[in-house]
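Colleague: I should like to go through this model with you, beginning with its aromatic rings and moving on to the sheet and the core. May we take each point in turn?

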Amino acid sequence: AGHWTDQSWTPECQAAFDTIKGHLTSTPALQGPRFDRGFVIWADASARAAGASLMQLGDDSKYHVIEYYSKLFTKAELKYSVAEREALAIVLAAKRFRYYLLFGPRFRLAIRSDHQGLQFLYKHADERSRLFRWAQLLGEHRFDISYVPGASEDHGVPDALSRLVDD
């Protein structure tokens with residue numbers, strides 16, 4: 001894929017972008033938090049960035065987004081292993097969404113990732129490793145990490161947020 005230029009971004013591209021943005025930032029996709037329910041973080045990492053969404057199960061039994069998050073990795077973070085980048089995506093999301101999560105302490109935080117090893121990584125990390133330190137940061141929350149294949153419908157949001165147009 002080539003690089004985007006001012007000339008390749010047409011009025012049709014802008015109209016499509018505006019339509020998608022409208023759908024992603026209005027109900028039923030985006031909703032306010034309900035503190036009588038638990039939260040779910042869906043997180044993903046690519047080679048260059050992390051993406052996440054904070055979601056809750058709605059009255060319609062579907063997940064609805066509370067907030068989106070994405071961040072380009074620093075030069076140092078780009079050198080992390082795949083497992084470390086995936087774990088970092090979770091830690092960054094938990095930090096970003098911390099204020100929501102602190103209001104719902106009676107619920108276990110559900111974390112969803114398409115990296116199967118993360119279910120066990122935090123439990124077996126060497127106490128001198130960054131994974132262990134990150135697990136300590138997450139320790140203020142009661143959480144469970146579940147593996148969800150990357151192709152699942154709800155995991156598409158953080159997956160897309162972790163990808164760059166100019167890959």
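Modeller: Rings of Phe, Tyr and Trp, the last represented by its six-membered ring, count as a pair if their centres lie within 6.5 Å. Please bear in mind that this is a predicted model.

Colleague: How many aromatic pairs does the structure hold?

Modeller: The criterion is that ring centres lie within 6.5 Å. On that basis, the number of aromatic pairs in the structure is 4.

Colleague: Is the pair of Tyr80 and Trp134 stacked, edge-to-face or tilted?

Modeller: Planes under 30 degrees apart count as stacked and those over 60 as edge-to-face. The ring centres of Tyr80 and Trp134 are 5.9 Å apart and their planes stand at 50°, so the pair is tilted.

Colleague: How many residues apart in sequence are the parts that this pair ties together?

Modeller: Both Tyr80 and Trp134 are buried. Tyr80 belongs to the loop between S3 and H2, whereas Trp134 is in helix H5, so the pair ties together parts whose separation in sequence is 54 residues.

Colleague: Which residues form one aromatic cluster?

Modeller: This cluster contains Phe and Tyr residues. Its members are Phe35, Phe39 and Tyr100.

Colleague: Which strands are the edge strands of the sheet?

Modeller: The sheet is open and consists of 5 strands with mixed pairing, in the order S3-S2-S1-S4-S5. An edge strand pairs on one side only, and the strands that do so are S3 and S5.

Colleague: What is the bridge partner of Gly51 in S3?

Modeller: S2 and S3 pair in the antiparallel sense, over 9 bridges. Within S3, the partner of Gly51 is Ser70.

Colleague: What angle does the direction of H2 make with that of S1?

Modeller: Helix H2 packs on the sheet and touches S1, S2, S3, S4 and S5. The direction of H2 makes with that of S1 an angle of about 140°.

Colleague: Which element gives the most to the largest nonpolar core?

Modeller: The largest nonpolar core has 28 residues, and Ile41, Leu54, Phe97, Leu101, Leu109 and Trp134 have the most contacts inside it. Elements that each supply at least two of its residues include strand S1 (40-45), helix H2 (82-96) and helix H5 (130-138). With 8 residues, the element that gives the most is H2.

Colleague: How many residues are in the second, separate core?

Modeller: Among the members of this second core are Trp42, Met55, Val65 and Ala110. The core is separate, and its number of residues is 6.

Key
Residues are numbered from 1 along each chain as its sequence is written. This is a predicted model: local features need pLDDT of at least 70, side-chain atom pairs count only at pLDDT 80 or more; totals for chains, interfaces and linings use all residues. Side-chain values use heavy atoms; hydrogens and water are left out. A nonpolar core is a set of buried Ala, Val, Leu, Ile, Met, Phe, Trp, Tyr and Cys residues joined through side-chain atoms within 4.5 Å. Buried means under 20% relative accessible area, exposed over 50%, partly exposed in between (1.4 Å probe, protein chains only). Helices (H or I, at least four residues) and strands (E, at least two) are DSSP runs, numbered from the N terminus. Two strands pair if DSSP finds at least two bridges between them. Contact means heavy atoms within 4.5 Å. Axes are lines fitted to C-alpha atoms, for helices over the stretch in contact, and angles run from 0 to 180 degrees between N-to-C directions.
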